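Dear colleague,

I am passing the structure below to you, together with some notes on what was found in it. Please read the notes with the coordinates open beside them.

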Amino acid sequence: MTTLIIGGGWSGLAAAITCVQRGQPVHLVESAKQLGGRARNSSWQDLTIDNGQHLMIGAYDRMLAMMQSIGIDTNDVFHRQAMDITIHDTDYPPLLLSSKSYLPWPLSLAWNLAASAGVSGLKQVVQLQLSITRLLSENDLSVSEWLHQSNQSKRLVKQLWEPLCLATLNTPIEEASAHLLAIVLRDSLGKGKSAADSLIPRQPLGDLFPKVAANYIQQQGCTISLQTRVKELVIKNGKIAGAITDQGANLQADNIIVATNLSQSKKLLSAHMEHHSPLEYPICTVYLQYATDTRLTALMLGMSGTVSQWIFDRSEQTPGLMAVVISAPGKHEKMAKDELIDLVCKEVHEMFPAMPRHAQQGFVIREKRATFACTVGIEKQRPECKTDISGLWLAGDYVANNYPATLEGTIRNGENCAKLLLDTP
Ligand SMILES: Cc1cc2nc3c(=O)[nH]c(=O)nc-3n(C[C@H](O)[C@H](O)[C@H](O)COP(=O)(O)OP(=O)(O)OC[C@H]3O[C@@H](n4cnc5c(N)ncnc54)[C@H](O)[C@@H]3O)c2cc1C
């Protein structure tokens with residue numbers, strides 16, 4: 001049996017690892033020069049940076065298990081810390097989402113929330129948490145409608161829920177699926193203290209998993225072909241037969257896993273199956289290089305009321321380097337690079353006066369199709385991994401599961417897809 005995997009992002013790699021671990025050889029083809037897809041290495045001057053700042057959390061258990069299964073020491077490659085997030089705002093005092101306290105979890109979280117947002121703020125958050133079970137049993141609605149129904153104050157909407165919704169769903173609250181946000185909250189805050197830990201990579205994303213995964217797959221005798229784009233699938237009598245590359249090669253296979261991003265999958269599959277069409281939304285990362293002794297007061301800080309949403313201190317990899325993340329569509333998309341760098345520097349300085357007004361250098365990476373948009377009713381639009389065409393399977397972050405576009409969701413889909421394929425007679 002020959003298995004072809006199209007796409008060398010984290011999902012395609014997870015599918016390949018699962019296959020080889022069960023003794024099934026694979027051929028993985030990737031159109032780019034490097035593996036990693038939307039979580040890959042990029043370069044700026046002589047620095048290796050990420051194509052976009054990523055944050056993982058302790059609840060990413062399949063991602064951690066997959067890494068460990070190929071020999072990655074996850075204690076070594078991540079800076080793991082208990083949840084300790086402060087969101088700074090242009091109008092309100094800082095709000096604390098933190099487990100730092102002598103109290104046990106989740107009282108520690110409640111204590112810090114009450115200390116920063118008042119007892120009424122804490123009560124509102126508890127009210128929202130308590131509404132999750134009912135919410136999930138009813139039709140989906142937008143996050144802003146859910147917040148309104150659960151009587152969340154203007155402050156909590158602006159300083160807590162908007163930033164969390166953008167960070168997790170990459171979708172503005174007016175459009176975002178309340179169901180998906182509720183599931184994220186349930187799984188990250190409701191599953192014990194360690195599930196909410198922040199995992200900040202100590203290495204560039206491409207070194208963290210894709211490079212090690214590629215070595216592992218090749219050591220098992222499997223082939224990885226870079227710069228090989230599949231332009232067409234070959235299907236005969238309702239069964240997959242192979243794929244044609246843009247160089248005209250016909251790659252024959254009994255099984256094909258399409259592990260490409262949503263828009264590429266739509267192109268490859270449009271002739272063969274009805275495909276649902278969620279939108280894709282951008283994420284912009286602005287790298288700012290300050291003097292090497294410049295530090296934030298924490299590894300990451302939230303910002304609200306500003307175009308900038310989160311700032312990460314990347315000094316552990318490159319002293320004085322900060323990464324500012326701007327999720328979802330917005331006015332920043334139309335701004336020229338230098339204008340955006342200047343605005344972000346100004347916002348950072350105004351929010352954190354100890355930071356210099358200007359960075360020495362700045363660099364902008366815009367990922368225009370960073371994630372599928374998690375809009376209302378999205379659950380019903382995501383395709384299953386098994387298709388109607390015998391031998392054709394789908395992996396990738398947009399395939400149905402309970403996660404938004406995350407590395408955990410995409411690794412789960414890659415792994416599940418490979419397992420289904422292997423278990424199908
Ligand atoms: C800027 C940014 C920030 C993010 N932040 C976070 C975060 O903090 N936490 C988190 O968990 N997730 C985050 N994500 C989401 C996460 O990176 C993605 O969900 C994940 O990388 C998707 O992996 P994938 O394998 O499904 O798809 P992709 O990474 O898109 O991989 C698909 C691969 O297929 C290749 N390909 C496409 N078409 C073809 C073809 N025709 N032939 C051959 N190859 C093809 C592509 O080149 C690509 O390498 C972020 C994403 C971005 C862009």
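The notes below go from the domains and the ligand to the core, and then to the strands and the backbone.

Please keep in mind throughout that this is a predicted model.

Domains

The chain is divided into three domains, of which domain 1 is assembled from the segments 3–39, 204–277 and 376–423, while domain 2 covers 83–196 and domain 3 covers 280–372. Taken over C-alpha atoms, the centres of domain 1 and domain 3 are separated by 32 Å. The contact between these two domains involves 7 residues of domain 1 and 6 residues of domain 3. On the domain 1 side of this contact, the residues divide by class into 4 nonpolar, 2 polar and 1 charged.

The ligand

Around the ligand there are 35 residues, and those that come nearest are Gly 7, Gly 9, Gly 37, Gly 52 and Thr 406. The elements that give two or more residues to this shell are helix H1, strand S15 (280–289), strand S19 (361–372) and helix H14 (407–423). In terms of domains, the shell draws at least three residues from domain 1 and at least three from domain 3. By class, the shell around the ligand consists of 13 nonpolar, 17 polar and 5 charged residues.

The nonpolar core

The largest nonpolar core has 121 residues, and the members that touch the most others are Ala 15, Ala 16, Ile 256, Ile 257 and Val 324. Helix H1, which spans residues 10–21, gives the most to this core, with 8 residues. If residues up to four places away in sequence are left aside, Ala 15 touches Ile 5, Ile 257, Ala 259, Ala 395, Gly 414, Glu 415, Cys 417 and Ala 418. Helix H1 therefore deserves a second look in your viewer, since H1 is also listed among the elements that give two or more residues to the shell around the ligand.Strands and hairpins

An open sheet is formed by 3 strands in the order S5-S9-S6, with antiparallel pairing. Strand S5 (56–57) and strand S6 (78–81) are at its edges with a single partner strand each, so one side of each has no neighbour in the sheet. The antiparallel pairing of S5 with strand S9 (residues 198–201) runs over 2 bridges, and Met 56 stands opposite Leu 199 in S9.

Strand S7 (residues 84–89) and strand S8 (residues 95–98) run antiparallel and are joined by 4 bridges. These two strands form a hairpin with 5 residues between them, and in this pairing Ile 85 stands opposite Leu 97 in S8.

Strand S11 (230–236) and strand S12 (239–245) are paired in the antiparallel sense over 6 bridges, and they form a hairpin with 2 residues between them. S12 also pairs with strand S13 (residues 250–252), again in the antiparallel sense, over 3 bridges. Ala 243 in S12 appears in both pairings, as the bridge partner of Leu 233 and as that of Leu 251 in S13. The hairpin of S12 and S13 has 4 residues between the strands, and Gly 248 takes a positive phi near 90 degrees there.

Backbone points to check

Most residues other than glycine have a negative phi, and most peptide bonds are trans. Against that background, which peptide bond is cis? The bond from Trp 105 to Pro 106 is cis, with omega near 5 degrees, and Pro 106 is found in the loop between S8 and helix H4 (107–130).

Gln 227, although not a glycine, has a positive phi of about 50 degrees, and it lies in the loop between strand S10 (223–225) and S11. With 13 C-beta neighbours inside 10 Å, Gln 227 counts as partly exposed. Asn 237, in the turn of the hairpin formed by S11 and S12, likewise has a positive phi of about 50 degrees without being a glycine. Asn 237 has 6 other C-beta atoms within 10 Å and is therefore exposed, as the limit for that class is 12 or fewer.

With best regards

Note on methods
Residues numbered from 1 in each chain as written. Predicted model: local features only at pLDDT ≥ 70, side-chain atom pairs only at ≥ 80, totals over all residues. Core = buried A, V, L, I, M, F, W, Y, C linked by C-beta atoms within 7 Å. Buried ≥ 20, exposed ≤ 12 C-beta atoms within 10 Å, placed from the backbone. Domains from an automatic or database assignment. Nonpolar A, V, L, I, M, F, W, Y, C, P; charged D, E, K, R; others polar. Near = placed C-beta within 6 Å. Pairing = 2+ DSSP bridges.
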